[in-house]
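Let's take a walk through this model, starting with a pair of helices and ending at the sheet. Have the viewer open so you can follow along.

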Amino acid sequence: MQTVAIIGSLFFWNNIKVNFIEFPQVQFIHFPYTAPKQSMDLIDEAASQSDILLFAGSIPYYYCFEKIQAQQIQAAYLPFDELMLSLSLLSITHNQNIELSKVSIDLPKEDSFYQVMKEAGIQCASIHLKDYSWVYEQQRKIDDFQIDEYISFHKDLYEAGKTRLALTSLHAVFVALKQLGIPSSYMVESKHTFVTTLSKAINAYKFSLLSASQITVVSIRSRENNIVNNHLFLENIEEICKTFNARVSQSQSEPYIIYATRGVMNKTNIAHFNSLLQQLEKRFETFFNIGIGIGYSLQEAEMHSSQALFFTNKYNFQESTLCLIDEESRLHGPIFENGKNIPLFNNDKQILEIAEEIKMSAKNLKLIKQFIVMHNNRAFSAAELADYMDLSRRSAERIINRLIDHHFLILSGEEQPYNQGRPRKVYKATTQFNI
């Protein structure tokens, strides 16, 4: 059973609770506020007592956005959609017989109104709209949002005799207008919107549980395999692992293996991880190669970790190198250098087609494409490719010539080496390679 905390006004709670029957396996808890900004005071307690937070709308959600992101809280908000607007306008025109030109409307995006009018084939020359689209675009800070602006918008139009009714998407505005005696309606809370939103949130929560339960294996090796005091190094690693709630293999040889769950690793700030790594570098006076593997089984995670560690050898940075292979066999890294994600399985349809066409192994083609992507498709020499693929220069040249013959590579020019040797040819991928 999941627990869902509803952060919204009492009015919102009363409107949606009739739909709770659609979720018999969910326990709902209400954290009420009278103004959206108060959601900032409620989020910590709500998050501690529930699995999912559901905000009454985008305004309270964005007040808490930074904390949601920082603490990786599973949260959603009930979106404003065109169905809600259509039902609201239908209710006004049918039940209250008020022309739209006599209605003031606040809503998240005014484009929604015009889209509904266009699709309904309704011409509306004079309409009073005020939106808060900037909240979604985050062009201004949420603190700039002032409820009073929207209350005044409706109030001024009504008192001037330009409108007969206010239609609002903001609970606090609705309550304030009622207290002022100004005729007002709140946007119809669509059952479909509530059920769809909460269903997506529950599915996302279940997926996050599955993801968090994945196994993470970290393989760490000193750059020159020169750690003399293995016992002292293990003690340091064990101390660090307390941060991750992880355990360390007691092997006295490199690479050292750390076991953890993905959920624990996801909660670890990358800056903190980097800081711990720098402490190890300073204490043992060496750089490290680190391969992180994620998998749904221990065997899969160990294999990915070993592969990631292998890829760290392809780089010669004057610092520690970290690569990661995720549960979908995508290579990420070097982590502190760029964010390239390269699939490792030969399920790339283009690679398989090219391999068949030019009679070359898909494995070699995958490595070549990976090399080109990692280097942002800059010109490269046969020697560089040979080094990356662990081939002889002559073998790399044969591969390059075959790719040139089939128009996947072109001769880009020549480079003069620093040592005054013979100019070397450099190559680039063509658009046919679809990098």
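**Two helices, then a sheet**

Helix H8 goes past helix H9 in a right-handed crossing. Keep in mind that you're looking at a predicted model. To find the pair, look for residues 147-159, which make up H8, and residues 171-179, which make up H9. Their axes come within 9 Å of each other and cross at roughly 50°. An angle under 35 degrees would count as roughly parallel, and 65 to 115 as roughly perpendicular; the H8 and H9 angle is neither, so H8 is oblique to H9.

Which residues actually meet where H8 and H9 touch? On the H8 side, they are Ile-147, Tyr-150, Ile-151 and His-154. Facing them from H9 are Ala-172, Val-173, Ala-176 and Leu-177. Sort this contact by class and you get 7 nonpolar residues, 1 polar one and no charged ones.

Now swing over to the sheet. It's an open one, built from 4 strands in the order E2-E1-E3-E4, with parallel pairing. Strand E2 (26-32) and strand E4 (75-77) sit at the edges with a single partner strand each, so one side of each has no neighbour in the sheet. Going from one strand to the next, the twist averages 25°.

For a look inside the sheet, pick strand E1 (residues 2-8) and strand E3 (residues 52-55). These two run parallel and are joined by 4 bridges. If you'd like a landmark there, click on Val-4: opposite this residue stands Ile-52 in E3.

Definitions and conventions:
Residues are numbered from 1 along each chain as its sequence is written. This is a predicted model: local features need pLDDT of at least 70, side-chain atom pairs count only at pLDDT 80 or more; totals for chains, interfaces and linings use all residues. Side-chain values use heavy atoms; hydrogens and water are left out. Two strands pair if DSSP finds at least two bridges between them. Axes are lines fitted to C-alpha atoms, for helices over the stretch in contact, and angles run from 0 to 180 degrees between N-to-C directions. Angles under 35 degrees count as roughly parallel, over 145 as roughly antiparallel, 65 to 115 as roughly perpendicular and the rest as oblique. A crossing is left-handed if the near helix is turned anticlockwise from the far one by less than a right angle, and right-handed if clockwise. Contact means heavy atoms within 4.5 Å. Ala, Val, Leu, Ile, Met, Phe, Trp, Tyr, Cys and Pro count as nonpolar, Asp, Glu, Lys and Arg as charged, and the others, Gly among them, as polar.
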